[in-house]
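Let's take a walk through this structure together, one stop after another. Please keep the sequence and the 3D view open as you read.

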Amino acid sequence: MAPIYNQEIEFSGAQEARVTITTMSDPLKKIKQKLQDEILALERELNIDLPKEIAVARAHGDLSENAEYKFAKERQGFVNARIGQLKKRMGDLGMLNLTNIPKDRAGYGSRIVVLDTQRDIKVEYKLVSTEEADAEKGFISTTSPIGRALLNRKVGDEVKVSTPAGSKELEVVRLVTIHDEE
């Protein structure tokens, strides 16, 4: 079945327009939208708010002892760096091809039940991106120590993981991949 495309155009102010084209079945849509919203807010701050603050601070005179000016310039550098990070992350997410995720092993979006052999308890995790991670809900990032250890594992695999809380020994008991949930 061909993907269904949705195009949204949002106008907020005379100069800003946002066009978002995503597939309806894209599980990363919320993440991309969250990142895009943060980019837009930071760009507004960088291009509208901070120049005003810098102009007001300059009007106060001597820039060498002007804390408002120094803060605004530091904030400008931080905002520029953060926009760069977010745009890189958007590019990384855009290149993520969910069809390349294995159908028989743990990968992004997989629900995986493991047996903690040391404590003899079962724990369910969902492997997600760093933006979605919430350990209390069992959503762990694929870049976390446990997430990395569980990637590409099958039912029956045993894994030793070094975590900040100490070493864990886990056995994969059940696996539901992103392809099984569709």
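Asp 120 sits in the loop that links strands S3 and S4. What is the sign of phi at Asp 120? Phi is positive there, near 55 degrees, in a residue other than glycine. The relative accessible area of Asp 120 is 60%, and because the cut-off for exposed is over 50%, Asp 120 counts as exposed. The loop belongs to a hairpin formed by S3 and S4, with four residues between the strands. Keep in mind that you are looking at a predicted model.

From this loop, step into the strands on either side. S3 covers residues 111–116 and S4 covers residues 121–128, and the two run antiparallel, joined by six bridges. Within this pairing, Leu 115 stands opposite Lys 122 of S4. Is S3 mostly covered or mostly open? S3 is mostly covered, with five of its six residues buried.

S3 also pairs with strand S7, residues 166–176. This pairing is antiparallel too and runs over six bridges. Leu 115 turns up again here, with Glu 171 as its bridge partner in S7. So you can use Leu 115 as a landmark: look for Lys 122 of S4 opposite it, and for Glu 171 as its partner in S7.

Now widen the view to the sheet these strands belong to. In general, strands of a sheet pair through backbone hydrogen bonds, either parallel or antiparallel. Which order do the strands of this sheet follow? The order is S5-S4-S3-S7-S6, in an open sheet of five strands with mixed pairing. Strand S5 (139–141) and strand S6 (158–163) stand at the edges; each has a single partner strand, so one side of each has no neighbour in the sheet. On average, neighbouring strands of this sheet are turned by 45 degrees against each other, direction ignored. The parallel sense appears between S4 and S5, which pair over three bridges. There, Leu 127 has Ile 140 of S5 as its bridge partner.

Another loop is worth a visit, the one between helix H3 (145–150) and S6, where you will find Asn 152. Asn 152 has a positive phi of about 65 degrees, although it is not a glycine. With a relative accessible area of 47%, Asn 152 is partly exposed.

Next, turn to a pair of helices. Two packed helices are described by the angle between their axes and the distance between the axes. Helix H1 spans residues 29–59 and helix H2 spans residues 67–95; they pack at an angle of about 160 degrees with their axes 9 Å apart. Why are H1 and H2 called roughly antiparallel? Angles over 145 degrees count as roughly antiparallel, and H1 and H2 therefore fall into that group. The crossing of H1 past H2 is left-handed. Their contact has 15 nonpolar, three polar and 12 charged residues.

Finally, step back to see the whole protein chain. How many helices and strands does the protein chain have? There are four helices and seven strands, and along the sequence they follow the pattern β-β-α-α-β-β-β-α-β-β-α. The protein chain has 182 residues, of which 33% count as buried. Among its contacts between residues at least 6 apart in sequence, 46% join residues at least 24 apart.

Key: Residues numbered from 1 in each chain as written. Predicted model: local features only at pLDDT ≥ 70, side-chain atom pairs only at ≥ 80, totals over all residues. Heavy atoms only, no water. Buried < 20%, exposed > 50% of the residue type's maximum accessible area, 1.4 Å probe, protein only. Axes fitted to C-alpha atoms, helices over the stretch in contact; angles between N-to-C directions. Parallel < 35°, antiparallel > 145°, perpendicular 65-115°, else oblique. Left-handed = near helix turned anticlockwise from the far one by under 90°. Nonpolar A, V, L, I, M, F, W, Y, C, P; charged D, E, K, R; others polar. Contact = heavy atoms within 4.5 Å.
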